[in-house]
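This report looks at a helix pair, the nonpolar cores and a few backbone features of one protein model. The sequence and structure come first.

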Amino acid sequence: MALQRLQIQHCRVFSSLINNQLHLRRNQSILATPDENPRILITGGLGQLGTGLAKILREKYGKDNVIMSDILKPSKEVVEAGPYIFADILDFKCLQEMVVTYRIDWLIHFSALLSAIGEQNVPLAIRVNIEGLHNVMELAKQYRLRIFVPSTIGAFGPESPRNPTPNLTIQRPKTIYGVSKVHGELLGEYYHHKFGLDFRCLRFPGVISSDTNPGGGTTDYAVQIFHDALKTRQFQCYLKPDTRLPMMYITDALRSLCEFMALPPEALKQRTYNVTAMSFTPEEIVRSVQRHVPDLKVTYAPDSRQQIADSWPQVFDDSEARAEWNWKPQYDIDGMVDIMVDALRPKYQI
C-alpha cells in the first residue's frame, strides 16, 4: 500500500509539473490553438506506432494538444517534440487525474504486450492487455471520450477463413494477445451500444517501420530482415518461406488511424474494421530485398512463432473500410522495401 501511495503521489507531482509546462507554452505561443481541436492522450506512446502518430497529430491539432505517455524513460528527442508524461495504465487514479488535468477528448490506447511476448508471460499479459483496457474504457465512458483501441490479425484463429478473412467472421484466437484483443473489440462495442461510448477499433496486420527495432513479434521478421541484410548480409527467418501474412507499411497504418479518428460518429456503420495493404511470404520479401542487397543469404529455422502464424489470416479483407470510409493504402511490397532500405542505409553506414 505504501508503494501504491508513492506511485500515485509521483504521478500527481509529475502531472503538476507538466501542466505548468503546458501553461507556459500556451502563454508564449503567438498563435492560439483553436478551441475545436481535440486534446489527445496516447498510452504506450513509445511503442512502434506512438511516436509517429504523435508527430502527425501534433502537426494537425497542435503540439500541446497531443500528450504522449508510457512507463519508459523517453529520449531527449521525444521530450523535445512535445508533452510526455509517465502513465501506468494499471493505475486508474493516475489515469483519471491525467484525463481531468489535461481535459482529454480522445484517448488512443496502444499499451499492450504483443503476441510472442505475451505467450512468455500470460499473467502479465492479462494484467496489461485486459485490466489496463478496463481502466481506459471506464475512463472513456465516465468522461465521454472518443477512444481508439487497436486490434490485430491475431484476433482470428485457425477456425476463421484465412484467405480472405472478412470483417465479420468466427474469432477463436490461440494466443493470449489475440484473446485480449477480441475481448477489447467486444467490450468496446458493448460500451458503445449500452452507454453510447464513441469506441473505435482497427484490426492492423503486421506493421513495418524503420523507426523502432523489431520486438520479437510474429510478423517482426519483416522488419528484422532489413537490419540483417544491411548489417551482415545474412538473415535467419523463424517462419517457413511460404508463410503468407497480411502486412502494412507504417505510413499507411498511421494514415488509416488518423482518417478513422477524424470521422464523425454518424459516418461509422460499425465500430471495428479490418485494414491492410499487402500480403506476402518470407521468400517474397527476400526477393524484393535482394533487389538492393543481391548477396543476401537466407536460412529458415521455424520456431514457436510458426504455430502462431499458421493460425492467422493469410489475406485480410478490408473491403468494408474501403467502401464505408474510403480507406485506400498507398504502398505495395516493393515500394515499402525501397523506403525501408533507404531509411536504414545511414544507420549501417552504407
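In this predicted model, helix α10 passes helix α13 in a right-handed crossing. Helix α10 covers residues 282-289 and helix α13 covers residues 333-344. Their axes come within 9 Å and cross at roughly 55°. An angle that is neither under 35 degrees, nor over 145, nor from 65 to 115 counts as oblique, and α10 and α13 are therefore oblique to each other.

Which residues meet where α10 and α13 are in contact? From α10 come E284, I285, S288 and V289, and from α13 come I333, D334, M336 and V337. By class, the residues of this contact are five nonpolar, one polar and two charged.

**Nonpolar cores**

Two residues of this helix contact, I285 and M336, also appear in the largest nonpolar core, which has 67 residues. I285 and M336 are among the members that touch the most other members, together with I108, F204, Y221, F226 and F280. Leaving aside residues up to four places away in sequence, I285 touches Y221, A222, I225, F226 and F280, as well as I333, M336 and V337. Another core, of 29 residues, lies apart from the largest one. Its members include A87, I89, Y102 and I104. In soluble globular proteins, nonpolar side chains tend to be buried together.

**Backbone features**

Most residues other than glycine have a negative phi, and most peptide bonds are trans. Two residues depart from the first tendency: R144, with a positive phi of about 55°, and N326, with a positive phi near 60°. Neither R144 nor N326 is a glycine.

| Residue | Phi | Loop | Relative accessible area |
|---|---|---|---|
| R144 | about 55° | between α6 (122-143) and β5 (146-148) | 57% |
| N326 | near 60° | between α12 (319-325) and α13 | 63% |

Are these two residues buried or exposed? A residue counts as exposed when its relative accessible area is over 50%. R144 is therefore exposed, at 57%, and N326 is exposed as well, at 63%. The loop that holds N326 leads from α12 to α13, and α13 is the helix that α10 crosses.

Where is there a cis peptide bond? The bond from N163 to P164 is cis, with omega near 0°. P164 lies in the loop between β6, residues 151-152, and α7, residues 176-195.

Conventions: Residues are numbered from 1 along each chain as its sequence is written. This is a predicted model: local features need pLDDT of at least 70, side-chain atom pairs count only at pLDDT 80 or more; totals for chains, interfaces and linings use all residues. Side-chain values use heavy atoms; hydrogens and water are left out. Axes are lines fitted to C-alpha atoms, for helices over the stretch in contact, and angles run from 0 to 180 degrees between N-to-C directions. Helices (H or I, at least four residues) and strands (E, at least two) are DSSP runs, numbered from the N terminus. A crossing is left-handed if the near helix is turned anticlockwise from the far one by less than a right angle, and right-handed if clockwise. Contact means heavy atoms within 4.5 Å. Ala, Val, Leu, Ile, Met, Phe, Trp, Tyr, Cys and Pro count as nonpolar, Asp, Glu, Lys and Arg as charged, and the others, Gly among them, as polar. Buried means under 20% relative accessible area, exposed over 50%, partly exposed in between (1.4 Å probe, protein chains only). A nonpolar core is a set of buried Ala, Val, Leu, Ile, Met, Phe, Trp, Tyr and Cys residues joined through side-chain atoms within 4.5 Å.
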